[in-house]
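Thanks for making time for this. I would like to walk you through one model, beginning with the ligand and then moving outwards to the surface and a few unusual backbone spots.

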Amino acid sequence: MSVTRTVSCGLNFAAAPDLHSCLETAQQSGYEYICVPLVHPQLKREFISGQAKDHHEAFTRADMVLNSSDWNSLIVGKLSPYINVDSPVQHVRENSEAMLAQELSLASHLSIPAITFKLQGDINKNINLACIINNKVVTVSNTQIWVQIPMENPLKQKMSYRTDEEIVCESPWEWWNEFRFICDFDKKIGVALIVSHDLPEEDEINRWLGEPIKCLILPTTLFITNKKGYPVLGRAHQVLIQRFSPLNVQFLLTGANRYSDLALYFNYLDHVWKKGSQVHGPLQCYGRGYEDYLQFPLQPLMDNLESGTYEVFEKDPVKYSEYQRAIHRAITAKIQNQSLDTTLVIMVVGAGRGPLVRAALHAADMAKVNVRVYAVEKNPNAILTLHALKNDVFGPRVTIVSSDMRQWEAPEKADILSSKIYNELKQCHDKDKHPLAHFETPYVVYLHNKYQIDKEQPLFTFNHPNKDEVINNSRYEKKTFTAEQNSVLHGFVGYFDTVLYESITLSIVPDTHSPGMLSWFPIFFPIREPIPVKAKEK
Ligand SMILES: C[S@@+](CC[C@H](N)C(=O)[O-])C[C@H]1O[C@@H](n2cnc3c(N)ncnc32)[C@H](O)[C@@H]1O
């Protein structure tokens, strides 16, 4: 599915003495917003001591230069880079705190959508900043915070010019991780990732793909000139942009323009972004709009499903044909060594609006075998549909049983049993519970913005029919996972696969996912407190 929108890219300005002309420059070339200093870079203020302390002139432009809807949608404000609220020098720190308070208050007054600043090191150098941002912005306003993090440690870059040896230094992901822990993982705080010339290892990029990346900052120096004289990115950077595009990230172009027109960068980025945002494959098309959206699992035993819900199941192009293949294969196996006029008994338990009944009849027709099909369903509304289908389509081979299968006394034994009830969960979901109660309970989610800490492992197996003397479907298992790199555990994801008959299976496990099958998103159990995990830790 191709994308008709254009990329959301902004233009960074080192200084913006005239906001109108900056906006005009940006918009003429397709850029959606501009990123500008909240205060002119030269207007460093003095609050504690010094000559400038008693200057009471305006420290920046007035709000009237733009109307509020432009402030709200077109401007990302940069905090002054000389603010250092973690300075060991008292007056620098105190002055910085006052400047920061002034700029945060201004950002809130203007209601700009986001403020941004660059993180220059680990939490030891930024603890006060993290606390102030958390207390003064995250908990009190709607402004988004874009924390600029370099993709590669600047120390590594610096040293790479001086030595050929492999430099081991901390990943800037750690800086971000520590910072957002202080901000309690608030949704308003996200990453503006500064894309480096040398890209980090694949693992590290994968880890960033699980973070709340709001923006990729692209220095103009990343671009090279192609044969036609236009700016383009190298292959690795194109792939990077395409991998982040589906996460709805915005972009920010920064640095000197080296071409005749700024639109050349924009047009190229738009082209690369569109390629990355294209939705491939039926599952991606189907899941579009549901990415990372936590949904309550269906409870077909406790609730009676609605007509529209059945309609959604029935659209799956793969599931029912696999059921039909499985039933056909089971019929073929059953009738071996039996006389031609044998009638097989097939029971569809939890028949819904009849797709498995239809599959059973088709399979019988293909095998040229007589069948009696029992369609057992407890939802009285779905029973109406089944009766209509019996009259119009299924005919006398089908007996409709309006009953809970657990209470039904079957008149005869089944040769083949077919059912599709996987998403049953015991506990009832109360949507009005305390927000924290929503943790550690399951959700269905089409996972998108995620990093998988370790490979999935098989957990529970259920065999049907269960011929144990005492049937016990409760399960308990302990599994050990090993983190490949430092990361944060937010929860556990559950997949399943099932054997319908012999080699015919359905699976939503990533490595073995049934091609083209749309049904069933994974189940996700969020944990209440995210847990930091160290590389190689179990
Ligand atoms: C997930 S739906 C599947 C319906 C249908 N087989 C299909 O593929 O579209 C499960 C169905 O099983 C029914 N069901 C669940 N528990 C049942 C029970 N104990 N007895 C009878 N039907 C049940 C539900 O009402 C629902 O119609």
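A polar contact, as I use the term, is a pair of N or O atoms within 3.5 Å; within protein, one must be able to donate a hydrogen and the other to accept it, and residues adjacent in sequence count only if both atoms are side-chain atoms. Please keep in mind that this is a predicted model, in which local features need pLDDT of at least 70 and side-chain atom pairs count only at pLDDT 80 or more, while totals for chains, interfaces and linings use all residues. Residues are numbered from 1 along each chain as its sequence is written, and side-chain values use heavy atoms, with hydrogens and water left out.

So what does the ligand touch? An oxygen atom of the ligand lies 2.6 Å from an N or O atom in the side chain of Glu 377. On the nitrogen side, one ligand nitrogen atom is 3.0 Å from an N or O atom in the side chain of Asp 404, and a ligand nitrogen atom is 2.9 Å from a polar backbone atom of Met 405. The protein covers 99% of the 590 Å² of accessible area that the ligand has on its own, where accessible areas come from the Shrake-Rupley method with a 1.4 Å probe and, for residues, only the protein chains shown count as cover.

Two elements, α11 (307-314) and α13 (355-367), give two or more residues each to the shell around the ligand; helices (H or I, at least four residues) and strands (E, at least two) are DSSP runs, numbered from the N terminus.

Let us turn to the backbone. Most residues other than glycine have a negative phi, and most peptide bonds are trans. Here, however, a cis peptide bond joins His 464 and Pro 465, with omega about -10°, and Pro 465 sits in the loop between β15 and β16.

Which residues have a positive phi without being glycine? Glu 502 is one of them, with phi near 45°, and its place is the loop between β17 (497-501) and β18 (504-507). Lys 536 is another, with phi near 70°, in the segment after β19 (523-533).

Are these two residues buried or exposed? Buried means under 20% relative accessible area, exposed over 50%, and partly exposed in between (1.4 Å probe, protein chains only). Glu 502 counts as exposed because its relative accessibility is 51%, and Lys 536 is exposed, with 63%.
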